[in-house]
Amino acid sequence: MRRPAALIFLVLSLSAGAQDLKTTRIDGLYLGTLDKVMDEISSQTGIKFSFDREKFSKLQYEQRMFNLPVSDFLDQVAKTYRLKYYKDNTGAYVLVDQYVLLDEKVVSAKPVAKKQRTLVKPQRQDLSLTGTIKDKVTGETLPFVNLQVLGTRIGTSANVDGYFSLLKVPSDTSTIVVSYLGYDPTVIELTPDTKTEGIIIELEQAATSLNEVTILAQKEKSVAAFQSNEKISMIKMTPAKIVNLPNVGERDIFRSFQMMPGVSASNENSAGLYVRGGTPDQALVLYDGFTVYHVDHLFGFYSAFNYNALKDVQLYKGGFESKFGGRLSSVAEITGKDGSNRMWNVGGDLSMLSMNLFGEGPVSDKVTVFAAARKSWKGPLYDKIFNTFSGNNSTTTAPPGQGGFRNRFGSFGTTVSSYFYDLNTKVTWRPTTKDVVSWSFYNGTDDMDNSRKIDAANFFARGNLAFNSNINDVTTWGNTGSSLKWSRQWNPKFYSNTLVSYSNYFSRRDRSNENTITRSTGETQTVRNGTLEDNNLYDFSFKNDNEWKLNDKNSIEFGLMMTKWDIQYTYSQNDTSTIINRHTTGGNYTGYLQDHIRLLNNHLLIVPGIRYNYYDVTKQTYNEPRFSINYLVTDRITLKGAVGRYYQFAKRVIREDILQGSRDFWTLADGNLLPVSYADHYIAGVSYETDGYLFDVEAYYKNLQGLSEYSLRFTPSFGKINYSESFYQGTGETHGIDFLIQKKQGNYNGWVGYTLSQTTNTFPVYQEKPYLASQNVTHEFKSINMYRWRNWDFSLTWYYATGRPYTAPQGAYTITLLDGNTNTFTSVSAKNSLQLPDYHRMDAAITYHWTSKRGAMNSLGLSFFNLYNHRNVWYKDYQIVSGQLVETNVYYLGFTPNIILSWRLN
């Protein structure tokens with residue numbers, strides 16, 4: 001961390017440098033190529049300049065100067081040739097292309113092996129640079145970092161292990177800009193002595209305080225980066241930056257993604273990604289290479305990922321490349337932290353909801369370890385969320401977690417026991433400079449118990465009978481996943497990684513009553529009814545990914561993948577009536593090939609690809625052609641588009657329940673009752689980007705086939721019932737457009753997003769015509785505002801979304817059967833023909849940052865959820881009372897404050 005004294009010295013030196021440009025004047029006729037003119041002015045004034053010599057040698061300059069300040073000369077050159085300039089830490093003034101994005105800290109970044117810049121003649125041309133990008137403090141490698149040769153469109157990105165290979169660098173005096181979200185950019189000025197292999201570039205995390213340098217109005221970037229010119233529909237977010245965003249109990253990377261256009265934010269009961277009309281099961285979530293099938297904690301109010309354990313997160317909203325597959329909608333690629341290889345560190349967060357601890361450090365010079373644990377604790381905030389989402393709104397004066405009462409008939413009690421926890425562990429071994437072996441483990445579990453017990457020993461006359469009832473209301477779910485990966489940089493142009501992984505998702509729900517009657521004779525009778533659900537999914541995978549940089553125009557990626565699934569789902573309504581008992585196993589064998597092709601002097605990037613699948617359940621092949629294109633019209637305007645087909649074999653089936661709310665379960669497609677699902681994506685967009693702003697528009701259309709639902713609505717109430725016939729197939733369609741305006745830099749930054757879309761399904765069993773899907777949100781508007789003042793960060797967010805559609809019972813009637821018994825039936829509205837009220841909410845947060853004596857950055861945050869306490873309707877609950885249908889609104893959370901303390905040792 002920088003010391004305040006160093007900051008003051010740097011600010012003073014920069015101020016003095018800026019004054020030199022205004023007081024130093026030049027006079028005379030300057031004629032020739034721009035590089036020679038710059039050399040001449042440098043010789044006359046003693047002011048040093050750094051620029052792309054090859055580019056400047058092709059630019060002609062002719063101007064008569066009359067006692068002109070050097071600052072005016074530089075402004076004139078910058079305007080004429082679309083450049084900008086800044087002063088680096090050697091005192092030289094660096095001239096770069098206007099489109100190159102530089103943060104305000106670029107002047108204080110310390111390039112690797114940087115020497116006093118002198119104007120020298122290049123000795124080598126057409127270079128290839130290889131190396132690794134690391135965090136300056138921890139020594140951790142940084143994935144997907146961008147590298148750009150100034151004055152050209154030559155660039156590359158580091159891979160997931162931080163390796164980079166930059167081809168066709170013009171000369172050994174070129175300047176490289178290295179940038180990564182959440183870090184200060186670093187300027188690397190090559191010299192003839194610079195080595196070309198094994199380069200180590202270290203980036204420093206951007207400071208969160210305002211004690212920093214401002215240069216030429218360049219300010220630090222926003223918390224999120226929207227890729228406007230390389231990746232279609234891709235959003236990148238740094239976990240370290242989300243501390244400044246509003247939250248309710250937990251800093252959550254998935255909740256932060258819901259602030260982006262195209263990702264719905266009106267589902268408080270799900271941290272899953274509803275992306276462009278898709279559902280969370282249609283989003284592929286990869287954590288260090290293994291698949292996570294369910295991402296919710298605490299009824300979906302938080303995601304299952306501890307932000308302290310995350311290094312990088314990328315979200316592809318559609319049109320993703322051939323190396324990803326198995327989902328219809330989107331991809332979230334998460335990279336976990338390796339752990340510091342330079343020092344041991346511990347830290348954590350404490351909020352009104354949970355405690356979060358982590359530790360990291362080097363075991364040896366080649367092995368690092370990282371571990372994190374998070375667990376909820378029962379406090380007012382936890383109880384408020386639990387009561388809201390479990391329907392347990394009773395209040396008692398009993399000890400915490402217990403309640404009830406006793407009277408002359410017996411005792412009635414409620415035992416509430418609920419918690420969630422998650423664990424992350426990662427061990428990384430680097431036996432050589434080219435090899436990385438890592439083992440990653442994750443486990444997260446939620447246990448929600450709202451059971452009740454009734455003991456009515458004296459309820460019946462003369463005490464001849466004793467009656468006991470256990471009312472179970474237990475829901476448990478969780479994920480366990482692990483991966484072992486070996487990565488190797490075989491040579492400057494070829495990289496591979498090989499991974500084996502395991503993933504398990506389980507969900508158990510017990511909403512049953514167990515009634516026991518004990519007679520005076522000692523005879524007992526036990527009757528159990530209600531619903532029981534058990535879903536257990538196992539995923540065993542092998543994957544090999546390869547990247548071959550054939551030349552500066554072609555980067556070929558190819559790989560193989562094998563996945564074996566074992567999925568069990570049972571659903572029963574009492575001890576003897578099993579509705580669904582489905583056990584499916586199967587495997588998918590995949591190969592893919594794609595090429596990043598750069599043409600027209602890197603103005604045009606096209607990525608054709610193909611993904612091949614053999615699914616052994618149906619014994620059929622499924623091909624997925626993909627294609628994307630980016631065309632840089634000018635330095636600021638980009639046109640982009642993508643098309644592709646996407647298959648899904650492990651699928652979530654919705655089990656419709658009108659009265660108690662629909663649920664879902666995972667199973668495998670069988671090509672018969674449950675067809676293999678697929679979607680076709682069509683995306684087109686345009687973006688306009690300046691140093692400080694991004695304007696982006698993307699239109700999309702998706703056609704979905706092979707959707708599945710399960711419903712007992714149409715089964716007869718008597719006779720022999722074949723429950724397997726209750727699976728129904730349908731299709732879907734989504735079309736929409738995302739708008740984004742982002743202010744990327746400055747003390748005030750943020751974005752405004754708007755999505756106009758419509759998602760429809762067609763299931764002939766419900767109706768022949770298309771109807772609005774349950775996840776449809778026609779209009780969604782988001783305003784994200786962040787302001788920094790000294791050591792304080794302020795944020796304010798506002799969301800508006802039109803109400804979601806739903807199906808409801810419209811009436812109830814009772815029929816007396818021939819045997820004298822009665823059955824109650826309900827009539828149901830047309831599928832999703834009703835609409836909930838519109839959703840809107842404002843959140844706010846205030847965060848104070850301070851630096852400890854050891855240089856660690858700590859923070860204290862105060863967050864306000866639903867600032868103006870709007871009562872947003874979650875769903876409508878229906879009960880039949882005396883033959884009448886009673887409707888009740890169930891609401892999301894109201895105004896909820898929270899406080900979070902974040903502490904780090906180093």
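**Entry 1, Lys236.** I started at Lys236 and found that this residue lies in strand E14, in what I note from the outset is a predicted model. I then asked whether Lys236 counts as buried or exposed. Its relative accessibility comes to 5%, and because buried means under 20%, Lys236 counts as buried. Looking for a partner for its side chain, I found a polar contact of 2.4 Å that joins Lys236 to the side chain of Asp312. I also looked up Val313, which stands 77 residues from Lys236 along the chain, and the C-alpha atoms of these two residues are separated by 6.1 Å.

**Entry 2, the largest nonpolar core.** Next I looked up the largest nonpolar core, which has 38 residues, and noted that Phe254, Phe257, Leu273 and Phe305 are those with the most contacts inside it. Which elements give two or more residues to this core? I listed strand E14 (234-237), helix H5 (253-257), strand E15 (283-287), strand E19 (310-316), strand E20 (330-336), strand E23 (367-376) and strand E43 (779-789). For Phe305 I left aside the neighbours within four places in sequence, and what remained in contact with Phe305 was Phe254, Val285, Tyr287, Val292, Val295, Leu310, Ile334 and Arg374. I recorded, too, that another core lies apart from the largest one, with 25 residues that include Ile26, Ile41, Val70 and Val77.

**Entry 3, helix H4.** I turned to helix H4, which covers residues 70-81, and compared its reach with expectation: its 12 residues extend 16 Å from the first C-alpha to the last, close to the 16 Å expected at 1.5 Å a residue. Which residues of H4 are buried? I found Val70, Ser71, Phe73, Leu74, Val77, Ala78 and Tyr81. These residues sit on the same side of H4, because they cover an arc of only 160° around the axis. Lys79 and Thr80, on the other side of H4, are exposed. I checked what comes after the helix as well, and H4 is followed by Arg82, whose phi is positive, near 55°.

**Entry 4, the whole chain.** Last, I looked up the totals. The secondary structure of the protein chain comes to 6 helices and 53 strands, and 56% of its 906 residues count as buried. Among the chain's contacts with a separation of 6 or more, I found that residues 24 or more positions apart account for 66%. The protein chain exposes about 37400 Å², of which carbon and sulfur atoms supply 56%.

Conventions. Residues numbered from 1 in each chain as written. Predicted model: local features only at pLDDT ≥ 70, side-chain atom pairs only at ≥ 80, totals over all residues. Heavy atoms only, no water. Core = buried A, V, L, I, M, F, W, Y, C linked by side-chain atoms within 4.5 Å. Buried < 20%, exposed > 50% of the residue type's maximum accessible area, 1.4 Å probe, protein only. Helix = DSSP H or I, 4+ residues; strand = E, 2+ residues; numbered from the N terminus. Contact = heavy atoms within 4.5 Å. Polar contact = N/O pair within 3.5 Å; in protein donor to acceptor, adjacent residues only side chain to side chain. Areas by Shrake-Rupley, 256 points an atom, 1.4 Å probe, with all protein chains shown as cover. Expected span 1.5 Å × (residues − 1). Arc of directions from axis to C-beta.
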